[in-house]
Amino acid sequence: MDTHHIIITGASRGIGHAVATLYASMGWNISICCRHRSIEMEATVQKITAAGGQYFLFYGDMGNPEDAESFIQKAVMTFGIPEILVNNAGISYIGLLQDMTPEEWNDLIQTNLSSVFYTSRIIIPYYLQNKHGKIINVSSVWGSTGASTEVAYSASKGGINAFTKALAKELAPSGIQVNAISCGMIDTSMNSFLNPEDYNSLMDEIPAGRAGTPEEAAMLIHQIAQAPDYMTGQIITLDGGWI
């Protein structure tokens, strides 16, 4: 049986953790990274091994071009050229724009948006060798609508959406697909800042009446990876009918 390989950035928790677990259960080799959440990453590793999967683990900042290049190259050396790259690494910032420091702005943009550039530019030459490959970026509904007190986050996700559409056009002639999922409210620790009252009020706004799960996001990523090659440059929304 052929051995498959997927690379996932930001896999210590949430959607990245769920994607790693799903693909490990299907027998894929998993390359994962995170910046500093070693305890949470250990839980991801345990899920992978429990499912019988093999993994390559890298600690580094995908917002740093040297770390991103080292991760991708070492992952390829370990398991070969991946069929799928999932750009999931991301952080949030909640607060008024005028209260955000330039350092906080740069850290968020580097982590959420520049990381997608850094990993993609390294994987593309490998994909060109194979005339095949899939890049799937994790975005947000705020990338298209914007969110008050989440200006930097919204800007980074809007950048991912434009990046996805443009790179898809650039790579389509070479048989490489680039798509993104645009997530609404997903039940992850990134939303732990909400108090119960705000959380319940938000649930009332969502027609589905609940938050999505990381596992549902992972299933959508899997479905996109299995979609016909003709589907590229798409921003596919997962939000329970919210936006």
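# Chatting through a predicted fold

Q: This is a predicted model, right? What does helix H1 lie across?
A: Yes, the model is predicted. Helix H1, residues 14–25, lies across strands S1 (5–8), S2, S4 (84–87), S5 (133–140) and S6. H1 runs at about 170 degrees to S1.

Q: And which strands does helix H8 touch?
A: H8, residues 214–226, packs on the sheet and touches S4, S5, S6 and S7. Its direction makes about 155 degrees with that of S6.

Q: Okay, the sheet itself. What's the strand order?
A: The order is S3-S2-S1-S4-S5-S6-S7. That's an open sheet of 7 strands with parallel pairing.

Q: Which strands stand at the edges?
A: S3 and S7 (235–238) do. Each has a single partner strand, so one side of each is left without a neighbour in the sheet.

Q: How many degrees of twist are there from one strand to the next?
A: The twist averages 20 degrees.

Q: Over how many bridges do S6 and S7 pair?
A: S6 (residues 176–183) and S7 pair over 4 bridges, in the parallel sense. One to look for: Ile 181 has Ile 236, in S7, as its bridge partner.

Q: What about S1 and S2, how do they pair?
A: In the parallel sense, over 4 bridges. Ile 8 has Ile 32, in S2, as a bridge partner.

Q: Is S2 enclosed or open to the outside?
A: S2 is largely enclosed by the rest of the structure, because 6 of its 6 residues are buried. Both of its faces are covered. Asn 29, Ser 31 and Cys 33 are buried on one side, and Ile 30, Ile 32 and Cys 34 are buried on the other.

Q: Moving on to the core. How many residues are in the largest nonpolar one?
A: It has 29 residues. Those with the most contacts inside it are Ile 6, Ile 8, Val 19, Ile 30 and Ile 32.

Q: Which elements supply at least two residues each?
A: S1, H1, S2, H2, S4, S5, S6 and H8 each do that for this core.

Q: Back to Ile 8. What does it touch?
A: Leaving out residues up to four places away in sequence, Ile 8 touches Gly 16, Val 19, Ala 20, Ile 30, Ser 31, Ile 32, Cys 33, Phe 71 and Val 86.

Q: What's in the second core?
A: That one is separate and has 23 residues, including Phe 56, Phe 71, Ile 72 and Val 178.

Q: Phe 71 again! Which aromatic cluster is it part of?
A: Phe 56, Phe 58 and Phe 71 form one aromatic cluster.

Q: How many aromatic pairs does the count come to?
A: It comes to 5 aromatic pairs. In one of them, the rings of Phe 58 and Phe 71 have centres 5.5 Å apart and planes at 35 degrees, so the pair counts as tilted.

Q: Where do those two sit in the chain?
A: Phe 58 is in strand S3 (residues 54–59) and Phe 71 is in helix H3 (residues 65–79). They are 13 residues apart, so the pair links distant parts of the chain. Both Phe 58 and Phe 71 are buried.

Q: What kind of pair do Phe 117 and Tyr 118 form?
A: A tilted one, with 5.4 Å centre to centre and 50 degrees between the planes. Phe 117 is partly exposed at 42% relative accessible area, whereas Tyr 118 is buried at 14%.

Q: New topic: how many salt bridges does the count give?
A: It gives 5 salt bridges. In one of them, Arg 35 pairs with Asp 61, with the closest N and O atoms 3.8 Å apart. Arg 35 is in the loop between S2 (29–34) and H2 (38–50), while Asp 61 is in the loop between S3 and H3, 26 residues apart.

Q: How far apart are the closest N and O atoms of Arg 35 and Asp 107?
A: They are 3.0 Å apart, in a salt bridge. Asp 107 is in helix H4 (residues 102–130), so the pair ties together parts that are 72 residues apart in sequence.

Q: Are Arg 35 and Asp 107 buried or partly exposed?
A: Arg 35 is partly exposed, at 32% relative accessible area. Asp 107 counts as partly exposed too, at 31%.

Q: What about Glu 40, which residue does it form a salt bridge with?
A: With Arg 37, and the closest N and O atoms are 3.2 Å apart. Glu 40 is partly exposed at 31% relative accessibility, and Arg 37 is partly exposed at 28%.

Q: Which residues do shared salt-bridge partners join into one network?
A: Arg 35, Asp 61 and Asp 107.

Notes
Residues are numbered from 1 along each chain as its sequence is written. This is a predicted model: local features need pLDDT of at least 70, side-chain atom pairs count only at pLDDT 80 or more; totals for chains, interfaces and linings use all residues. Side-chain values use heavy atoms; hydrogens and water are left out. Rings of Phe, Tyr and Trp (its six-membered ring) pair if their centres lie within 6.5 Å; planes under 30 degrees apart count as stacked, over 60 as edge-to-face and the rest as tilted. Buried means under 20% relative accessible area, exposed over 50%, partly exposed in between (1.4 Å probe, protein chains only). A salt bridge is a side-chain nitrogen of Lys or Arg within 4 Å of a carboxyl oxygen of Asp or Glu. Two strands pair if DSSP finds at least two bridges between them. Axes are lines fitted to C-alpha atoms, for helices over the stretch in contact, and angles run from 0 to 180 degrees between N-to-C directions. Contact means heavy atoms within 4.5 Å. A nonpolar core is a set of buried Ala, Val, Leu, Ile, Met, Phe, Trp, Tyr and Cys residues joined through side-chain atoms within 4.5 Å.
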